[in-house]
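This briefing concerns aromatic contacts, a surface patch and the setting of one helix. Please keep the sequence and the structure in view while reading.

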Amino acid sequence: MKKLRLIFFELCVSPHKMPFINELSRMPIVDSVVVVAPCIDINERTAMGWSSSSFMKDTDVRFIIAPSDDEVMTLMSSADNDTYCSFCGINAFEIIAKWFKLSLNVNVHRVVITEPPRLNKFPLWMHAMRFALKDWKYVKYIDKIYVMGQDFVPYYKFWSSRWQVVP
């Protein structure tokens, strides 16, 4: 049985996600884990006291910080059917959107890890409209959606019956 290759495309090295990403790297079924991010920390989060560089020590996870498009393509092109690329959103962050679109040129499984739509600024129907106009074309390329919490599982299941939506 082939082992899984996991590539996480993140906005930064996240103290929230690194504990489970580190655990994934220790699983017998996993061959390798890579975290790709444009930076280690985001200024706003550093101002709140975050220091993500400590999560990059004593781990089997490989980190690629601020890669070129060619480096990202090389990483994904060397992938095979057992490679899962996980993106923190589709269009929420420009760099993640670019990497997601680059992934469409290679044969990998695509996973999206997302938070529920933020309803404090815009009502749900506006988020749905934005998704329909901007992201609907990507539905067929996404295999799984991991959404924070149970409340919005039906919302994401609505968009595609082929998606496995996991709270």
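The points below are grouped by topic.

The model is predicted. Across the whole structure, a search finds 12 aromatic pairs. Two of these pairs are described here, followed by an aromatic cluster, a nonpolar patch and helix α3.

**The pair F9 and F87**

- The ring centres of F9 and F87 are 4.8 Å apart and the ring planes meet at 5 degrees; because planes under 30 degrees apart count as stacked, this pair is stacked.
- F9 belongs to strand β1 (residues 4-9) and F87 to strand β4 (residues 83-87), so the pair ties together parts that are 78 residues apart in sequence.
- Both F9 and F87 are buried.

**The pair W136 and W159**

- For W136 and W159, the ring centres lie 6.1 Å apart and the planes stand at 55 degrees, so the pair is tilted.
- This pair links distant parts of the chain, 23 residues apart: W136 sits in the loop between α5 (124-135) and β6 (144-147), whereas W159 sits in helix α6 (residues 153-159).
- The two residues are assigned to separate burial classes: W136 has 45% relative accessibility and counts as partly exposed, while W159, at 10%, counts as buried.

**The aromatic cluster**

- W136 and W159 also belong to one aromatic cluster, which is formed by F131, W136, F152, Y155, Y156, F158, W159 and W163.

**The nonpolar surface patch**

- A nonpolar patch on the surface is formed by F122, W125, M126, M129 and L133, which together have about 590 Å² of accessible area.
- One of the patch residues, W125, is located in helix α5.
- With a relative accessibility of 59%, W125 counts as exposed, since the class begins over 50%.

**Helix α3 and its cover**

- Helix α3 (residues 69-77) has V72, L75 and M76 among its buried residues.
- Viewed down the axis of α3, its buried residues fall within an arc of 90 degrees, so they line one face of the helix.
- As general background, an α-helix has 3.6 residues a turn, so residues three or four places apart point the same way.
- D70 and T74 are exposed on the other side of α3.
- The cover over the buried residues of α3 includes strands β1, β2 (30-37), β3 (62-65) and β4, together with helix α4 (94-103).
- Strands β1 and β4, both included in that cover, are also the strands that hold F9 and F87.

Terms used:
Residues numbered from 1 in each chain as written. Predicted model: local features only at pLDDT ≥ 70, side-chain atom pairs only at ≥ 80, totals over all residues. Heavy atoms only, no water. Phe/Tyr/Trp six-rings, centres within 6.5 Å; stacked < 30°, edge-to-face > 60°. Helix = DSSP H or I, 4+ residues; strand = E, 2+ residues; numbered from the N terminus. Buried < 20%, exposed > 50% of the residue type's maximum accessible area, 1.4 Å probe, protein only. Patch = residues over 30% accessible without salt bridge, like charges linked within 9 Å, V, L, I, M, F, W, Y side chains within 5 Å. Areas by Shrake-Rupley, 256 points an atom, 1.4 Å probe, with all protein chains shown as cover. Salt bridge = Lys/Arg side-chain N within 4 Å of Asp/Glu carboxyl O. Arc of directions from axis to C-beta. Contact = heavy atoms within 4.5 Å.
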